Amino acid sequence: MKIGLAAKLRKLRSPGAIRNKLLPYLWFYLGGAALAAAVCRLRPVKRGKIVFYNMRGNSFGDHQKYITLELLRRKSPVEIVWLASDSESFAKAAPDGIRVVRYDSFAALRELSTAQMWCVNQSQSRFILRGLRKRSGQLYLQTYHGSLGIKRIGADRAGDGTVRLWERILRLDASMIDYLVADSEWESRCVYSTRFFGCGEHKVFGHPRNDVFFRDNSALVAGVRARLGLDSAERILFYAPTHRTNRRTDVIIRDLESLRAAASSRFGGEWRVMVRLHPNMLSYVGDLGFGASVVDATRYPDMQELLIASDILVSDYSSCMFDFMLTRRPVFVHAPDLEEYQRVQGFYYPMSETPFPVAKTEAGLAENIASFDEAKYRAGVDAFLKGKGCVEDGHATERVCDLIESLL
């Protein structure tokens, strides 16, 4: 389903759309990207330098965080550069031994153009539009941010209407990839072969960010709770919805009291609800008015730490569900726009194939929590992970760092 001209024009009317969507393409078409690439090539590739970034420089998190920490722990002879959209906040979260460069800058493009390795978790389309091209001696390690995720991504999206230039950029990005890190045989075979057009060598190592689920996290959980102002006796129901390309906000649960009450009824104890909105929602959602009793963790830098500290997860189509299931703790799906999301975004497999109880209404979600069958759920999780060929065992970061050291 191709997007019509009227829909494309409406997208350009959104705040920042001209600067973020139109100007990069003009720069690319008018030769600016070629000029920038030529300037960047004036400096040689520096052996041992690795450039990392998480999404669009969002935070010190995801796979990149845990790979960086392991390289620092090993005292690997590498120079680590991180691209960050907010260098001040990043500096507070990141350890010593990292050089930080602003993500949205020419300096970032220059760092990428002179690094021996790129280690990122999404398409580098933005930098490609600005002139990034792989050079002789450079390596590209892609650690995609999904995790057995159900929603289609990139050029795979069902109703995305991907324009030819955008697909060209995605293909150019994929053609430069040397290695992709997968968490399962399914992700390698079914997602990477289409999303990245069959490019790069697949390494089924597991996902570095998920190693934390296989450790003793008592001290970490206590730290997360203290940082969020949570009492040690309170149990956490974590609500983490994903974003929609159509920017719908009416699908977000506003009244979370019924969920808290259902969790207390089924599992006992005192409960608090914690909410983390998707980073792509920050520019247009604003204050949804969840109430003073709800803990807002939207700007917390590391999603995995929030998952570790939580007892129950409620989401819709986010891949965080497939990380959290490794704990065998309950996951519940609230999908009021299931058919629309299937039509616009698309799924790699039906939601019915997951072990998660699915509800289209808030009342149905509360009922699923109240009637949760733990034995059935755990058996479903085990069968699902086995069926996908999941290899998560807590040692993915070690494998990735072994690969990096062998290459550099």
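This is a guided tour of a predicted model, moving from the whole chain to its cores, its salt bridges and one helix.

**Whole chain**

Begin with the entire protein chain displayed as a cartoon; 17 helices and 13 strands should appear. Colouring by relative accessible area will show that 53% of the 408 residues count as buried. A surface representation corresponds to an exposed area of about 17800 Å², of which carbon and sulfur atoms supply 51%. If contacts are drawn between residues at least 6 apart in sequence, 71% of them join residues at least 24 apart.

**Nonpolar cores**

In soluble globular proteins, nonpolar side chains tend to be buried together. Select L83, F127, L228, L237, L256, L313 and F322 next: within the largest nonpolar core, which has 100 residues, these touch the most other members. Helix α12 is the element that gives the most to this core, contributing five residues.

Centre the view on F127. Leaving aside residues up to four places away in sequence, F127 touches Y53, L83, Y103, A108, L109, L112 and L132. L83 thus appears both in this list of neighbours and among the core residues selected above.

Then move to F60, A94, I98 and Y179, which are included in a second, separate core of 22 residues.

**Salt bridges**

Side chains of opposite charge can pair when their charged atoms come close. A search of the whole structure returns 26 salt bridges, and three pairs and one network are visited here.

Select E305 and K65, whose side chains form a salt bridge with an N to O distance of 3.0 Å. This pair links distant parts of the chain, since E305 belongs to helix α12 (residues 303-309) and K65 to helix α4, 240 residues apart. Are these two residues buried or exposed? Both E305 and K65 are buried.

Proceed to R260 and E257, which meet in a salt bridge at 2.6 Å, N to O. Both residues lie in helix α11 (residues 257-267), three residues apart, or about one turn of the helix. R260 is partly exposed, with a relative accessible area of 22%; E257 is also partly exposed, at 39%.

Helix α16 (residues 374-388) holds another pair, E374 and R378, four residues apart and so separated by about one helical turn. Their side chains meet in a salt bridge at 3.2 Å, N to O. E374 counts as partly exposed at 39% relative accessibility, and R378 counts as partly exposed at 36%.

To finish this part, select K46, K49, E79, R99 and E111 together; a network of salt bridges links them.

**Helix α17**

The last stop is helix α17, residues 396-407. The distance from its first C-alpha to its last is 17 Å over 12 residues, close to the 16 Å expected at 1.5 Å a residue. Show the side chains of A396, T397, V400, C401, L403 and I404, which are buried. Why do they fall on the same side of α17? They cover an arc of only 155° around the axis, which puts them on the same side of the helix.

Now add the elements against which the buried residues of α17 pack: the strands β1 (46-53), β4 (115-120), β5 (139-142), β6 (179-182) and β7 (201-204), together with helix α4 (62-74). Helix α4 is also where K65 was found in its salt bridge with E305.

Terms used
Residues numbered from 1 in each chain as written. Predicted model: local features only at pLDDT ≥ 70, side-chain atom pairs only at ≥ 80, totals over all residues. Heavy atoms only, no water. Helix = DSSP H or I, 4+ residues; strand = E, 2+ residues; numbered from the N terminus. Expected span 1.5 Å × (residues − 1). Buried < 20%, exposed > 50% of the residue type's maximum accessible area, 1.4 Å probe, protein only. Arc of directions from axis to C-beta. Contact = heavy atoms within 4.5 Å. Areas by Shrake-Rupley, 256 points an atom, 1.4 Å probe, with all protein chains shown as cover. Salt bridge = Lys/Arg side-chain N within 4 Å of Asp/Glu carboxyl O. Core = buried A, V, L, I, M, F, W, Y, C linked by side-chain atoms within 4.5 Å.
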